[in-house]
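Dear colleague,

I am passing on the structure we spoke of, with some notes on what came out of going through it. Please look at the model first and then read on.

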Amino acid sequence: MELSDKGKPAIDILQNIEGFIGYSENNIPKLHKGKSRSLILTELEDRLKIDLNYSSGKVLGAMTTPPHDFARYIYTRFIDRNLGDRGLNPGTAAIEKEVIEMLGNLLGDPFVDGNITSGGTEANIIAMLLTKQINSDIKEPSIVIPESAHYSFDKAAILMGLKVKRARLLPNFHLDLNHYESLIDDNTIALVGILGTSALGLIDPIEKIGKLAGKYNKYFHVDAAFGGLVVPFMEELGYKFSPYNLKIHEICSYTVDPHKMGMSVNPSGSLLVKNSNVNSFKFEIPYLAGGAFSSYNILGTRPGASAISFWGLMQFMGKQGFVENVRHCLENTYYLRDQIEEISQLKIATEPDMNVLGIQLTSKANMSLDKFNSLLRQKGWALGVFKQWNLLRTVMMPHIRKSHIDEFLKDVKAIF
Ligand SMILES: Cc1ncc(COP(=O)(O)O)c(C=O)c1O
């Protein structure tokens, strides 16, 4: 997309939101006195009614879910903690470190460094920034990513002037590893693998990409924003995977998002960094009231409550709590898959690796994907749309119940 195209729709959207112009009379200069809390809350309840709510089950295609009650409680209780001035919050900083270590432990290596981030986008951008700095001698740096990689790598590339080389997918949407290897050259500064792709939740051959990273001596980043808090618990449920974890010594950094399948509050991502040589590329902030410190983050001020609430949630749920949560999500995924296979106008895009299921139309549907999606939207269903692969994404997040799936299927059948 042209950059000039990108800014315009945002303005159009704002102008099209019903009441947007009307509410502008409430701007601060015109408000001589404040309003009462109850009036404001009533107004907010009213205005926010148009937002979709998770309990309806209609948010069927997002990688977000309502934060766990306990995480929400902790977050509001410690909302004033700022990890951007760590010296003022040494208790919060220690908790952040423990969260990173617990995540590392879960993924096979407790000796990781890292930071809580605002989400997967920030973590992926930082990883690319680290390798850009490590490889500062390369004049025309490029990164090799699967075609299925998240947009955050494109953002990183725009910000840092990186060339993006995309490896093709096979017809089953898994990575074509031969094509991937053919894209690696002297200018490559990063190899990226994904544990839970955005469109289909698929797992790249992490161990094999690790071997390529070793063979060509490249920085290897794993984007496990979604799958990092799914796959470790699937193993506990008896699913077998080829090795993917931090024990693969070629892995340099890892993205894992507590605000996706970790059921924590927004914003909560994390970057785990394995290679201690990159420590020197942390940003040093010298002037703060709490004293100088360094971190990998792009953000300055950042919510300490993100780290604290996920720490509390992990203590509360224990590994077994997360395992049960993943079990619930997977059962729904397989239930939906089996039901879709009974509808002749639909097919699954590929066998799911985790709780993400892609749906495609068959020729019997006699309808375009756009049309099908807009009919679903009219009925209130919000699915992800991946036009490039002609598929709709469903994500069986913790808030989805079997009854929601049944309602969805009823609406789908009524369309055909
Ligand atoms: C695989 C993957 N990586 C990164 C991201 C970006 O995460 P965030 O939206 O938290 O920035 C996403 C978002 O869905 C994702 O699916």
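The mean pLDDT of the chain is 92, and 92% of its residues reach 70 or more; please bear in mind throughout that this is a predicted model. The stretch to treat with care is residues 1-23, over which pLDDT stays under 50 and for which the model has three contacts beyond four places in sequence.

The domain assignment divides the chain into domain 1 (55-66 + 319-415) and domain 2 (69-316), and the centres of the two, taken over C-alpha atoms, are 27 Å apart. Where domain 1 and domain 2 meet, 21 residues of the former are in contact with 20 residues of the latter. On the side of domain 1 that touches domain 2, the elements giving two or more residues are α11, β11 (356-361) and β13 (391-395), and α11 gives the most, with five residues. By class, that side of domain 1 consists of 12 nonpolar, six polar and three charged residues.

The largest nonpolar core has 105 residues, and those with the most contacts inside it are Ile143 and Val230. Helix α11 (residues 304-340) gives the most to this core, with 12 residues, and the core draws at least three residues from each of domain 1 and domain 2. As for Val230, if residues up to four places away in sequence are not counted, it touches Gly196, Met261, Val326, Met354 and Asn355.

Turning to the ligand, 15 residues surround it, and the closest are Gly119, Gly120, Thr121, Ser198 and Ala225. Helix α6 (residues 120-134) supplies the largest share of this shell, three residues, and by class the shell has four nonpolar, nine polar and two charged residues.

Some backbone details may also deserve your attention. The peptide bond from Asn266 to Pro267 is cis, with omega near 0°, and Pro267 is found in the loop between β6 (251-256) and β7 (269-273). Asn217, in the loop between α9 (206-216) and β5 (220-224), has a phi near 55°, a positive value in a residue other than glycine; Asn217 counts as exposed because it has 8 C-beta neighbours inside 10 Å, the cut-off for exposed being 12 or fewer. Asn366, which lies in the loop between β11 and α12 (369-378), likewise has a positive phi near 55°, and with 10 C-beta neighbours inside 10 Å it also counts as exposed.

With best regards

Terms used:
Residues are numbered from 1 along each chain as its sequence is written. This is a predicted model: local features need pLDDT of at least 70, side-chain atom pairs count only at pLDDT 80 or more; totals for chains, interfaces and linings use all residues. A residue is near a molecule or strand if its C-beta atom, placed from the backbone, lies within 6 Å of it. Helices (H or I, at least four residues) and strands (E, at least two) are DSSP runs, numbered from the N terminus. Ala, Val, Leu, Ile, Met, Phe, Trp, Tyr, Cys and Pro count as nonpolar, Asp, Glu, Lys and Arg as charged, and the others, Gly among them, as polar. A nonpolar core is a set of buried Ala, Val, Leu, Ile, Met, Phe, Trp, Tyr and Cys residues joined through C-beta atoms within 7 Å. A residue is buried if 20 or more other C-beta atoms lie within 10 Å of its own, exposed if 12 or fewer, and partly exposed in between; C-beta atoms are placed from the backbone. Domain bounds come from an automatic or database domain assignment. Two residues are in contact if their C-beta atoms, placed from the backbone, lie within 7 Å. pLDDT is the predictor's confidence in each residue, from 0 to 100.
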